Amino acid sequence: MSFVDFIKAAIHPPAPADYSAYYSDLLSTAGVLFGLAFAALLFVIQSGFASFKFSRRMFLEVYVHFGRGLLISLAYLTVLPFAMLHFPFYSRFFTFLYYLFAILYAKAVLDHFRQLGYIHTLMSKAFVPPSFGSVRKYFRYISNLGGAPVFGLLSVLLVLLGYPVIVSVADGGSWTITQKGFFYSSILVLCHVALRITSFIPEFFKLSNQELDYALEPSAAKPDDDTSIDYSVEKMALRQFLLDHGVRELDAQSPITFLDGELALVIQADREGAEAWFNADVTATNPTIVEVRDQVCQYAMRLFQLFADSQVDINQIVISFHIRIDGDTMSRNMFFRTTRSELETVLSNKADAVTAATSIDNILFDDLFRNL
C-alpha cells in the first residue's frame, strides 16, 4: 500500500452498518468505568496523599487535573451513546457538544501537564524567566518537561480530538461531526481512558518517589512524624521556586542592583513555625525617600505575587527590609507580613504596587518612610 492509499484509507475508514449494539455496550461499559474512576480518585485525593511529607498541595493538584480529564472523558462516553440511542437526529447539537468536550478535555490535559512541569521545574535546573506573563509561564512549564513529553501531548490531542473531525469532513464535507466521526471519537477516547486508568496508580507512585527524592536531599530536614508538615522543607521548596523564577538575589553570591546600590535576599529556613520569613538587605546610593519607599513596595509586591503563585504548604509570609542609605551605619526598616488569603484580595484589586503594598494590614515602616 502506497502512502497516498494509506492516507485515503485513514480518512475514509470502515464503519458498522448499525451503531445501536455498539452504543448499548459502550453505555454500560462507560457507566461502570465512570463510577470506579470517581471512587478511586476520591480515595487517592482524600487518603493517598497523607504519606507525602511536603507540598501536598502541588502534588494534589496533579491529581485534580488528571481526574478532571479522566472524568470529562468518561462523562462524554456516557452521554454520547445515550444520546445516539435515543436522539439520533440532533447532529448539530451533538456537534456543539463534541467541540465543547474537545475544549474542556484539552484544557484539563494541558493543566495536568502544566502542573507536572511546575513540579519538574521546582526539582530540576529548569527555570521560568521572571519577565514572562501568565500565559507564557503556563506554556513554559509544559515545555520544561522536555521534547518527548510535549510531542506526546500534542500527538495525543491531535489524534484524539482531530481525527474524528477529519473523518467527518471527508465523510460529510462539513465541520458537522457525522455518525462515523462520533464512532471513531468514542473508540479513541475509550482507548485513551483505558491507558489513563492503567497509568493511574503508577503515576501516583512516580510522584511519591519524586517527593521522597526531594525530601531526602541533604538540605531537607526530616519531619518529626508522618503526618506533620515539615516547614523547613517547605521553605526550601519556596526558595527553589523563587530561584527558578528569576529571584537570583536569594543566592548569596548574586545580589542585584537596587537603588544604585545592592539588594541581597535571605529566607530564614531554620526559623521555627509555618511562616516564610525573608530578610532583604538594601544599600542605596543617594536616593530620595519617596524613591526608596516606592522601589521597596514594588519589589515586595513582586515577591508577594510569586508567593501567591507558588504551591508550597505555607500560607504566611514576612519580608523585612533593612535599608542603609548613603553608607549609614544604622539601617532603617520596612516590614510586611501577610497571608495568602489577604494577598488574593490585594492582588485582585489591580492597584499600583505602592497602593497595594501599603494596603496590607500588617506593615511597619521606619518613621522616615511614613506619611509620604
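Which residue lies over the face of phenylalanine 127? In this predicted model, that place goes to arginine 140, at 4.9 Å from the ring centre. A charge is taken to sit over a ring if NZ of Lys or CZ of Arg is within 6 Å of the ring centre and within 35 degrees of the ring normal. A second case turns up at tryptophan 277, where the charged end of arginine 271 sits over the ring, 3.8 Å from its centre.

A few ground rules first. Residues are numbered from 1 along each chain as its sequence is written, and side-chain values rest on heavy atoms, with hydrogens and water left out. Local features need pLDDT of at least 70 and side-chain atom pairs count only at pLDDT 80 or more, while totals for chains, interfaces and linings use all residues.

Now the overall picture. The chain has twelve helices and six strands (DSSP runs numbered from the N terminus, with helices being H or I of at least four residues and strands E of at least two). Of its 372 residues, 44% are buried; buried means under 20% relative accessible area, exposed over 50%, and partly exposed in between, with a 1.4 Å probe and protein chains only. About 18,700 Å² of the chain is exposed, and carbon and sulfur atoms supply 62% of that (areas by the Shrake-Rupley method with a 1.4 Å probe; for residues, only the protein chains shown count as cover). Among contacts (heavy atoms within 4.5 Å) with a separation of 6 or more, 73% are between residues 24 or more positions apart.

Next, the aromatic rings. The structure holds 22 aromatic pairs, where rings of Phe, Tyr and Trp (its six-membered ring) pair if their centres lie within 6.5 Å, and planes under 30 degrees apart count as stacked, over 60 as edge-to-face and the rest as tilted. Phenylalanine 183 and tyrosine 184 make an edge-to-face pair, 5.0 Å centre to centre with 80 degrees between the planes, and both of these residues are buried. They also belong to a cluster in which ring pairs link Tyr19, Tyr22, Tyr23, Tyr163, Phe183 and Tyr184.

On to the charges. The whole structure yields seven salt bridges, a salt bridge being a side-chain nitrogen of Lys or Arg within 4 Å of a carboxyl oxygen of Asp or Glu. In one of them, glutamate 249 meets arginine 302, with the closest N and O atoms 3.8 Å apart. Glutamate 249 lies in the loop between helix 9 and strand 1 and arginine 302 in helix 10, so this pair ties together parts 53 residues apart in sequence. Glutamate 249 counts as buried because its relative accessibility is 2%, whereas arginine 302, at 29%, is partly exposed.

Another bridge joins glutamate 275 to arginine 337, with 2.6 Å between the closest N and O atoms. Here the partners sit in strand 3 and strand 5 (residues 332–339), respectively, so parts 62 residues apart in sequence are tied together. Glutamate 275 is buried at 15% relative accessible area, and arginine 337 is partly exposed at 26%. Arginine 293 and aspartate 294 also form a salt bridge (2.6 Å, N to O); arginine 293 is buried, at 14%.

Arginine 68, in helix 3 (residues 56–86), is linked with Lys107 and Asp111 in a network of salt bridges. Beyond its neighbours within four places in sequence, arginine 68 touches Lys107, Ala108 and Asp111. Its relative accessibility is 29%, so arginine 68 counts as partly exposed.

Aspartate 244, in helix 9 (residues 231–244), is buried yet has no salt bridge, and the nearest side chain of opposite charge, arginine 239, is 9.1 Å away. (Lys and Arg count as positive and Asp and Glu as negative; His and the chain ends are not counted.) Setting aside residues up to four places away in sequence, aspartate 244 touches Thr121, Leu122, Ser124, Ala126, Phe127 and Val128.

Finally, some backbone angles. Most residues other than glycine have a negative phi. Leucine 259, however, has a positive phi near 50 degrees; leucine 259 is in the loop between strand 1 (256–258) and strand 2 (261–267) and is buried, at 15% relative accessible area. Asparagine 286 has a positive phi too, of about 55 degrees. Asparagine 286 belongs to the loop between strand 3 (275–284) and helix 10 (289–309) and is exposed, with a relative accessible area of 63%.
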